[in-house]
Amino acid sequence: QGESRALAGKGTLRAIATFRDAEGALCREFEHDRTDGSAIVAVACHEQEAWQIRIAVAASRAGGEFAPASSLESIEAYLSATGASPALSLSEEEKALKEISESR
């Protein structure tokens, strides 16, 4: 949660939160700040042994500052509609990610 990683000339990826949907799938909300100044806010869930994007929304930047108001509203509506659990704690997130990596 909150961890950022550089993407080899393609910007930065930052994990926002990890949670489970109503079906129990492990999901992660993340932001991709692209090198062209644009940004994407998205949710991906782990299913059938791979991460699948469930929703992605373009976010705007105002004067170089991240301004995600409408993007966050779309993501919040999606999370509510899918019955997302509250964000996992860091230890819960680590355990869930470890389980996924061990199941491969």
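1. E29 has V43 in β4 as its bridge partner. Behind that sits the pairing of β3 with β4 (residues 39–47), antiparallel over seven bridges; strands pair when DSSP finds at least two bridges between them. Strands here are DSSP E runs of at least two residues and helices are H or I runs of at least four, numbered from the N terminus. In the hairpin of β3 and β4, with five residues between the strands, G37 has a positive phi near 95°.

2. A quick caveat: this is a predicted model, with local features needing pLDDT of at least 70 and side-chain atom pairs pLDDT 80 or more, while totals for chains, interfaces and linings use all residues. Numbering runs from 1 along each chain as its sequence is written, and side-chain values use heavy atoms, with hydrogens and water left out.

3. On its other pairing, β3 runs antiparallel to β2, joined by eight bridges. Six of the eight β3 residues are buried (under 20% relative accessible area, 1.4 Å probe, protein chains only), so β3 is largely enclosed by the rest of the structure.

4. T18 deserves a look. T18 lies in strand β2, stands opposite R28 in β3, and is buried at a relative accessible area of 0%. The T18 side chain makes polar contacts (N or O pairs within 3.5 Å, one able to donate a hydrogen and the other to accept it; residues adjacent in sequence count only if both atoms are side-chain atoms) with the side chains of R28 at 3.0 Å and E93 at 2.4 Å.

Note on methods. Buried < 20%, exposed > 50% of the residue type's maximum accessible area, 1.4 Å probe, protein only.
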